[in-house]
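Visitor: Could you take me slowly through one part of this structure, the place where its two chains meet? I am in my first year, so please connect each step to the next.

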There are 2 protein chains.
Amino acid sequence: MVTAIIVAAGKGTRMGPNVDKLFLEVAGRPIVAHTWERFDRSPSVDEIVLVVREGMQAEFEELAGVNGFTKQYRMVAGGKERQDSVWNGIQAANPSAEIIAIHDGARPCVTETIIADCVRAAREHGAAVAASSVTDTIKEATADGLISRHIDRSKLRAVQTPQTFRAEIIRSALGEAQARGIAVTDDTAACDLIGQTVRLVESATPNPKATAPSDIPWLELLLKA
Amino acid sequence: MVTAIIVAAGKGTRMGPNVDKLFLEVAGRPIVAHTWERFDRSPSVDEIVLVVREGMQAEFEELAGVNGFTKQYRMVAGGKERQDSVWNGIQAANPSAEIIAIHDGARPCVTETIIADCVRAAREHGAAVAASSVTDTIKEATADGLISRHIDRSKLRAVQTPQTFRAEIIRSALGEAQARGIAVTDDTAACDLIGQTVRLVESATPNPKATAPSDIPWLELLLKA
C-alpha cells in the first residue's frame, strides 16, 4: 500500500498578502486541484492524505466534488512548520502503508512517471527523491555578497517532490528530528539523522513549485500543454 | 569606455543536431537579435564585440541591417572553447576600454538595469556578475546517485551574465588561466587565479539562457511581455 501525502497547508507569502497560492487559478483550475488530480489518477498510489490549513476543509471537499476525484482521501490539519505538517500527515496515513510519498501541493506538474519511479526507488533503497540536474552555474556567497566558492555543477542536483520513503524510515527519521529538536528543511535531510541514504531519481520533465507571481505564466504553459 | 562582448559562437548541441540555437526565432526574431538589441540600446555600453562562428559573419551583418542596430560593433571568430572565444573577444575590444562586459548570446532577456548595475559594480570592485538567489533545494550527489551533502541554500547564488570586469583584471585573469593551462567554466572562476574577488549583483528579473527546447516557450513569454 502506498500513501501520498499532499502538503497543502502553506499560504505562500511571496504571492502577496491576501493570496492563497494553492487556490490561484492556473489553466482553468486552482493549482492544488491539478496536483491532487495527478495523484488521484496515479496507479502507483492507493490513498491520499491532504494536509490543509485549519478551516480550509470545506474548500478542499468542494474541489474533490467539482473535479470528480475518486480515490480515497483523508484530511488533516497542518502544523506550525512544514515538518510538523508532514508529521501530521504521516500520523493520518493508513497504518498498513508500506510506502509514503510526500508531495508539495504547489507542484502541479508532477507526472505518473516520476511518481512511479520514486515509489519504486523507495521500495528498493528505503528513501528517494525526485531531482533534476542543475543548469545554472552555482556559487557560494559570503554574507557581504562576494563569491566565496565555485561549486562543480556536475555534482549538484535540485531536489523536488515527491520524496518517497519506506514508512518506518520516514517515521524514524522525523521522530529523531523531533526528539533532538532539529528543524529540517526537507524530509531527505531528516534521513541523515538516522544514517539512511537517499536515492536521487531523475525527473525528466519540468516539475516547478509555484512560489512567486512570476512562476505562474510558466506553470500555465506547462499545465495547458 | 565600456565594451560589451556578446559570445555568440556556440551552436548549442542540446537543441538538436541541425539547430543553431542563437538563430531560433522567438517572439518574432532570432534569439541573438534580442540579445544584441539590448546592448545596442544600452546607454551603459559604448561598443559591441560579437564573437561568432567562422563563416557566420554575413548572417550577423544582416541581423544588424534588418534590426537597425546603430551602435559601433565589430566581429571576431570564436575559439575552440568558450574561454578561447572570450579571449578573442577581449583582444578585439578597443584598447581604451576600461570595462569589459561579457554576455551570453543566448540570454536575450538581459535588462538595462542589470547591465548598468554590473558595469557599476565592476568599476567599484574590479569584477562582478549578475546572480539570482536559488529557489531549489540543492544537494551534492555521489557518482552513483545518492545524496552526499545537504547545502544551505541561503548561501547559494546562480550566476548568469553579464560578467563585468575592469579590462586589466579580466586580461590578467584569463591570461593566467592560459599560462597555467587551466580550463575555467566561467570568467569569474578565472579571477580566483589572481586573487580577485567577484561581487554578486542581484538580477531582479528572469534572465534565462536558451539551452534546451523546453526553454523556448518560457523565453517566448518573457520576450513578448
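Guide: Over all chains of this predicted model, a search of the whole structure finds 29 salt bridges. One of them lies within a single chain, where B:Asp187 is joined to B:Arg82 with the closest N and O atoms 3.5 Å apart. Because B:Asp187 belongs to helix 6 of chain B and B:Arg82 to helix 3 (residues 82–92) of chain B, this pair ties together parts that are 105 residues apart in sequence.

Turning to the place you asked about, the rule finds 4 salt bridges across the interface of chain B and chain A. Among the salt bridges of the model is the one between A:Lys139 and B:Asp186, whose closest N and O atoms are 2.9 Å apart. Polar contacts can be counted here as well, and between chain B and chain A there are 16 residue pairs in polar contact, with both residues at pLDDT 80 or more.

Several elements of chain B each supply at least two residues of the side that touches chain A, namely strand 8 (137–141), strand 9 (147–150), strand 10 (156–166), helix 6 (187–192), strand 11 (199–202) and helix 7 (216–224). The largest share of that side, 5 residues, comes from strand 8 of chain B. Sorted by class, the side of chain B that touches chain A has 16 nonpolar, 7 polar and 11 charged residues.

Strand 8 of chain B deserves a second look, since it also pairs with a strand of the other chain: strand 10 (residues 156–166) of chain A and strand 8 of chain B run in the antiparallel sense and pair over 4 bridges. Within this pairing, A:Arg157 has B:Lys139, in strand 8 of chain B, as its bridge partner.

The extent of the meeting can be put in numbers too. In general, the size of an interface is often given as the accessible area lost when the parts come together. Here chain B and chain A bury about 3,000 Å² between them, and 61% of it is on carbon and sulfur atoms. Of the area that chain B buries against chain A, B:Lys139, B:Leu146 and B:Ile147 supply 16%, which is more than any other three residues. Counted by residues in contact, 34 residues of chain B meet 34 residues of chain A. Moreover, 100% of the interface residues of chain B are also interface residues in chain A, so the copies meet through the same surface.

How, then, are the two copies placed with respect to each other? As a general point, two copies of a chain are related by a rotation about an axis and a shift along it. In this model, a turn of 180° and a shift of 0.0 Å along the axis lay chain B on chain A with an RMSD of 0.0 Å. The two copies are therefore related as by a two-fold rotation axis. In chain B, the C-alpha nearest that axis belongs to B:Trp218, at 3.1 Å from it.

Finally, strand 10 has a detail of its backbone that is worth finding in both chains. Most peptide bonds are trans. The bond from A:Thr161 to A:Pro162, however, is cis, with omega near 10°, and A:Pro162 lies in strand 10 of chain A. In chain B, a cis peptide bond likewise joins B:Thr161 and B:Pro162, with omega about 10°, and B:Pro162 is found in strand 10 of chain B.

Conventions:
Residues numbered from 1 in each chain as written. Chains lettered and ligands numbered in written order. Predicted model: local features only at pLDDT ≥ 70, side-chain atom pairs only at ≥ 80, totals over all residues. Heavy atoms only, no water. Contact = heavy atoms within 4.5 Å. Buried area = accessible area lost by both parts, 1.4 Å probe. Salt bridge = Lys/Arg side-chain N within 4 Å of Asp/Glu carboxyl O. Polar contact = N/O pair within 3.5 Å; in protein donor to acceptor, adjacent residues only side chain to side chain. Nonpolar A, V, L, I, M, F, W, Y, C, P; charged D, E, K, R; others polar. Pairing = 2+ DSSP bridges. Least-squares fit on C-alpha atoms with pLDDT ≥ 70 in both.
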